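Biologist: I am new to this structure and should like to understand the terms applied to it. May I ask for the reason behind each one?

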Amino acid sequence: MQLAENLVIVESPAKAKTIEKYLGKKFKVIASMGHVRDLPRSQMGIDVDNNFEPRYITIRGKGPVVQDLKKHAKKAKHVYLASDPDREGEAIAWHLAHILDIDQTAKSRVVFNEITKDAVKESFKSPREIKHELVDAQQARRALDRLVGYNISPVLWKKVKKGLSAGRVQSVALKLIIDREEEINAFKPEEYWTIDGTFKHNGVTFKAKFLHENNKPKKLKNSNDVKAIVSQLSGDQFDVTDVSKKEKLRYPANPFTTSSLQQEAARKLNFKARKTMMLAQQLYEGIDLKKQGTVGLITYMRTDSTRISETAKSEAAGYIKEQYGDNYLSKRKEGKQKEGAQDAHEAIRPTSALRTPNAMKDYLSRDQLRLYKLIWERFMASQMAPAVIDTVAVDLTQGNIKFRANGQTIKFKGFMSVYIEGQDDAEEEGENRLPELEVGDQVQATDIAENQHFTQPPPRYTEARLVKTLEEKGIGRPSTYAPTLDTIQKRNYVKVDQKKFYPTELGTIVNDSVKEYFPEIVEVDFTANMEALLDRVANGEMEWKKVIAAFYDNFKIDLERAEAEMEKIEIKDEPAGEDCEKCGSPMVIKMGRYGKFMACSNFPDCRNTKAIVKTIGVPCPKCDNGEVVERKSKKNRIFYGCTNYPECDYISWDKPVPRKCPKCESQLVERKKGKNIQVVCTNCEYEEKPQ
């Protein structure tokens with residue numbers, strides 16, 4: 001086998017294959033298959049009595065890979081470490097340097113933000129030393145997570161149940177979901193009213209809302225407040241007393257960061273965070289474009305930065321000018337980077353604006369194409385001119401009562417020709433045209449509607465909403481969100497229904513235990529401050545072991561208290577109220593890793609198990625002494641009934657919720673509305689905003 005004089009080591013075979021094509025015969029590119037060294041799985045691996053010295057070992061199963069790397073490195077004149085351009089990649093390079101006896105001060109580190117021929121070749125002109133401050137930040141995170149996970153988890157095993165775990169970021173994510181559920185359950189709707197008018201002028205009908213009484217805003221809390229306003233109106237003529245016209249600019253969203261990509265892919269493509277990152281990795285590492293060869297289609301997908309290179313801006317500007325014209329080009333100056341943005345990375349963008357989604361569709365799978373299209377459109381829109389929207393506010397007055405009509409029309413679409421950012425809550429801004437009106441005109445009211453409303457409970461977290469909240473609060477790093485969300489689902493701490501997170505009974509038990517004995521671990525501010533300290537380590541401002549030592553001093557006290565004081569939570573077997581159909585012994589309800597199930601009390605002699613009827617925490621609305629449970633029809637469709645069946649024949653296809661209608665005190669249920677769920681009353685017209 002011929003060995004090249006230059007050896008390049010990357011993480012994945014796909015990346016190796018792409019890069020080797022660019023570098024030519026003098027370079028051999030091989031993959032380390034991710035990390036080659038790590039802390040041992042069977043023990044802590046952090047020596048708390050020896051200044052938190054980590055004990056690294058070769059990862060199990062990686063022996064042959066390491067031998068292959070050593071063989072190639074021995075024969076090569078130069079070894080280049082070209083792992084990903086982030087803290088994790090820097091740590092991989094550092095571990096490889098240790099295993100292969102590469103001089104730590106040698107200029108062996110090569111980084112590129114995109115896998116294109118020019119970018120890769122350019123990066124090999126200026127290799128650098130390994131940045132130890134980045135390695136230290138990654139070591140600190142790894143050590144922190146290990147100290148938390150490997151100390152709290154055994155306590156939970158002893159005191160609660162085998163197989164449980166706690167972690168720095170996962171514990172905060174779980175607490176956010178549980179806190180939100182408690183907010184929803186404790187929510188008391190407040191009544192408020194609006195007066196909505198339909199008006200007509202020159203044959204054009206438009207809407208307006210009550211605004212002022214005696215030129216002052218007035219809150220309408222009940223029907224009496226409304227009647228006091230409506231009683232002052234006489235006839236249907238209103239005067240136009242003010243017309244305010246403004247031109248509003250709407251700017252495009254920045255190109256994607258890791259977090260905003262995960263959020264938007266969840267909103268627009270219904271992708272889980274893990275799927276988004278997997279597809280982005282494929283687009284980054286290289287796609288075979290047949291005659292054009294293998295090319296990375298997007299820049300590196302783990303970044304907090306919204307910065308764009310001048311070359312990319314220039315190429316995008318050329319495309320926009322040619323396709324849309326000069327007036328569609330952005331004139332906006334680049335905004336200031338947020339603090340803590342990782343390194344000097346660019347935002348996630350296509351490596352060439354000219355590789356349009358249409359041009360790429362023959363080379364990509366359906367999902368790859370959908371994600372690439374999202375990235376390409378978001379980037380192109382970010383380089384385009386703002387949309388120009390004409391807004392008009394018209395005041396309609398009769399006596400002391402004033403209504404206001406708001407209208408808007410899009411004068412110039414700008415970036416909206418290419419892309420509009422998705423929303424979690426707000427309705428998409430549409431056009432609302434008003435007739436041409438001037439001060440002094442008269443308009444006719446064709447309907448004055450008195451509408452009762454109630455405040456809405458906060459929405460449950462979706463993946464997009466949870467990722468956004470974690471990022472806003474400075475919890476974890478966007479690259480950790482996908483595995484975090486996976487973990488809390490795998491542990492059965494939360495379940496996902498209609499894309500929304502619900503805590504399970506087990507999740508609530510674990511959260512309560514961690515919150516009581518390790519309050520700092522679930523404290524949002526504490527976890528965010530820890531991230532800020534890790535950023536300071538990465539910037540070379542702090543020594544990583546001092547960060548760990550400061551954390552461990554308090555953590556050790558909490559740990560000792562938990563060991564001594566935490567009472568064993570016995571998740572006792574409950575009588576199921578029926579006998580085993582196989583041996584006749586009583587059946588019991590057990591808590592398993594995936595929730596509750598029914599099992600024979602004669603275990604292990606009889607191993608009969610079956611699913612249990614699931615209660616939903618709502619008393620039966622018909623007989624009031626039974627509980628509503630989830631059942632399945634013969635066609636496997638879920639419906640809801642009473643535990644007192646057949647004495648009580650309550651049945652519902654819609655899921656009852658543990659709140660009464662604020663309007664008539666009847667049962668509220670969740671009903672499907674398109675892709676969303678809407679809470680509605682079973683008796684009156686009360687309904688809440690779809691989620």
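**Reasons behind the terms**

Modeller: The side chains of Arg180 and Glu183 form a salt bridge, at 3.6 Å from N to O. This is a predicted model, in which local features need pLDDT of at least 70 and side-chain atom pairs count only at pLDDT 80 or more, while totals for chains, interfaces and linings use all residues. Residues are numbered from 1 along each chain as its sequence is written, and side-chain values use heavy atoms, with hydrogens and water left out.

Biologist: Why is the contact of Arg180 and Glu183 called a salt bridge?

Modeller: A salt bridge is a side-chain nitrogen of Lys or Arg within 4 Å of a carboxyl oxygen of Asp or Glu. The N to O value for Arg180 and Glu183 is 3.6 Å, so the pair meets the rule. By this rule the count comes to 45 salt bridges.

Biologist: What separates Arg180 and Glu183 along helix H6?

Modeller: They are 3 residues apart in helix H6 (residues 168-186), and therefore about one helical turn separates them. Helices (H or I, at least four residues) and strands (E, at least two) are DSSP runs, numbered from the N terminus.

Biologist: Why does Arg180 count as buried, and what does Glu183 count as?

Modeller: Buried means under 20% relative accessible area, exposed over 50%, and partly exposed in between (1.4 Å probe, protein chains only). Arg180 has 15% relative accessibility, so it counts as buried. Glu183, at 41%, therefore counts as partly exposed.

Biologist: Which parts of the chain does the salt bridge of Lys411 and Glu247 link?

Modeller: The side chains of Lys411 and Glu247 meet at 2.7 Å, N to O. This pair links distant parts of the chain, with Lys411 in strand E15 (residues 401-412) and Glu247 in strand E11 (residues 237-250), 164 residues apart. Lys411 has 54% relative accessibility, so it counts as exposed.

Biologist: How do you know that Arg128 and Glu90 form a salt bridge, and is Glu90 buried or exposed?

Modeller: Their side chains meet at 2.8 Å, N to O, so the salt-bridge rule is satisfied. Arg128 is in the loop between helix H4 (117-123) and helix H5 (132-159), whereas Glu90 is in helix H3 (residues 87-99), 38 residues apart. Glu90 counts as buried because its relative accessibility is 1%.

Biologist: What makes Phe52 noteworthy in its phi angle?

Modeller: Most residues other than glycine have a negative phi, and most peptide bonds are trans. Phe52 is not a glycine, yet has a positive phi of about 60°. The residue lies in the loop between strand E4 (46-47) and strand E5 (53-54), and counts as buried because its relative accessibility is 6%. Asn492, likewise not a glycine, has a positive phi of about 65°. Asn492 sits in the loop between helix H14 (478-490) and strand E17 (494-497).

Biologist: Which residues does a cis peptide bond join?

Modeller: One such bond joins Phe603 and Pro604, with omega about 5°. Another joins Tyr645 and Pro646, with omega about 10°. Pro604 is in the loop between strand E21 (595-600) and strand E22 (609-610), and Pro646 is in the loop between strand E25 (638-642) and strand E26 (651-652).

Biologist: How many helices and strands does the protein have, and how many of its residues count as buried?

Modeller: The protein has 18 helices and 29 strands. Of its 691 residues, 51% count as buried.
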